Amino acid sequence: SAAQEDKDLFQKRIRLMGPILKAWKKALKEEGAVDFPGLILQAINVLEKKRFISPWKCILVDEFQDLSPQRAALLKALMAQNPETSLYAVGDDWQAIYHFTGAALNLTTAFHTHFGEGDLCVLDTTYRFNTRIGEIANAFIQQNPSQLRKTLRSLAPGDKNAVTSLPEAQLSALLDKMSG
């Protein structure tokens, strides 16, 4: 049911990536090696076959916004071994920049759907920048309907413009000045 232009683009990508993927798999097989996704898949299989029983009752995952579905499956396999296992996830959906590596934002924004009920603690104070930059960041990020709604605050007031728009014709001169 995809549009024809999407089908055409997909076919072009398959023609480009197909031989590369085939060569990669062949090289791994010849060397008896496993890549990182393969290691995660092996770990999931070991857990599901109960060849390893997780002793952990608490699992902490930092940078949770960078979690991929495959890594989420590994967490679920660990947690399935003991119903008393607790998952403590630390992440900020506003810092999710690794979609290109397979990270899935909805694993963070819809945490309860994937991992069950839990408590949410919103850290909404930044020490990185002033309120003027924060106002712009809030307005920009919350244009994405997939982001969790929150208002970022800063303890440092800002008294200068945080962002300045320039005509493109002035960009080269500005970059020269900044690099000088």
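## Aromatic contacts

The charged end of Lys 76 sits over the ring of Phe 115, at 5.5 Å from the ring centre. This is a predicted model. Phe 115 also belongs to an aromatic cluster, together with Phe 64 and Phe 111.

Across the whole structure, a search gives 5 aromatic pairs. One of them joins Tyr 98 and Phe 100. The centres of these two rings are 5.8 Å apart, and their planes meet at 40 degrees. That pair counts as tilted, because the class covers angles that are neither under 30 degrees nor over 60. Tyr 98 is partly exposed, with a relative accessible area of 36%. Phe 100 is exposed, with 68%.

## Gln 81 and its surroundings

Gln 81 is in the loop between α3 (69-80) and β2 (86-90). Is Gln 81 buried or exposed? Its relative accessibility is 18%, so Gln 81 counts as buried; the cut-off for buried is under 20%.

Setting aside residues up to four places away in sequence, Gln 81 touches Leu 47, Phe 52, Ile 53 and Ser 54. With Phe 52 there is a polar link: the Gln 81 side chain reaches the backbone oxygen of Phe 52 at 2.8 Å. Glu 48 is 33 residues from Gln 81 in sequence, and their C-alpha atoms are 8.5 Å apart.

## Two positive phi angles

Most residues other than glycine have a negative phi. Two residues in loops depart from that pattern.

Lys 50 lies in the loop between α2 (36-48) and β1 (58-62). Its phi is positive, near 60 degrees, and it is not a glycine. At 57% relative accessibility, Lys 50 counts as exposed.

Glu 63 is in the loop between β1 and α3. Here phi is about 55 degrees, again positive in a residue that is not a glycine. Glu 63 counts as partly exposed, at 40% relative accessibility.

## Helix α6

Helix α6 covers residues 131-141. Its buried residues are Gly 134, Asn 138 and Ile 141. How are they placed around the axis of α6? They fall within an arc of 85 degrees when seen down that axis, so they line one face of the helix.

At the start of α6, the side chain of Asn 130 makes a contact with the backbone. One of its side-chain oxygens comes to within 2.9 Å of the backbone nitrogen of Arg 132.

## Gly 18 in helix α1

Gly 18 lies in helix α1, which covers residues 4-31. This glycine is partly exposed, with a relative accessible area of 32%. Gly 18 and Arg 128 are 110 residues apart along the chain. Their C-alpha atoms are separated by 43 Å.

## Cysteines

How many disulfides does the structure hold? The count is 0. Why is Cys 58 without a bond? The closest cysteine sulfur, in Cys 121, is 17 Å from the sulfur of Cys 58, which is too far for a bond. A disulfide needs the two sulfur atoms within 2.5 Å. From the side of Cys 121, the closest cysteine sulfur is that of Cys 58.

Cys 58 is exposed, with a relative accessible area of 64%. Cys 121 counts as exposed too, at 63% relative accessibility.

Note on methods: Residues numbered from 1 in each chain as written. Predicted model: local features only at pLDDT ≥ 70, side-chain atom pairs only at ≥ 80, totals over all residues. Heavy atoms only, no water. Helix = DSSP H or I, 4+ residues; strand = E, 2+ residues; numbered from the N terminus. Buried < 20%, exposed > 50% of the residue type's maximum accessible area, 1.4 Å probe, protein only. Contact = heavy atoms within 4.5 Å. Polar contact = N/O pair within 3.5 Å; in protein donor to acceptor, adjacent residues only side chain to side chain. Arc of directions from axis to C-beta. Phe/Tyr/Trp six-rings, centres within 6.5 Å; stacked < 30°, edge-to-face > 60°. Lys NZ or Arg CZ within 6 Å of the ring centre and 35° of its normal.
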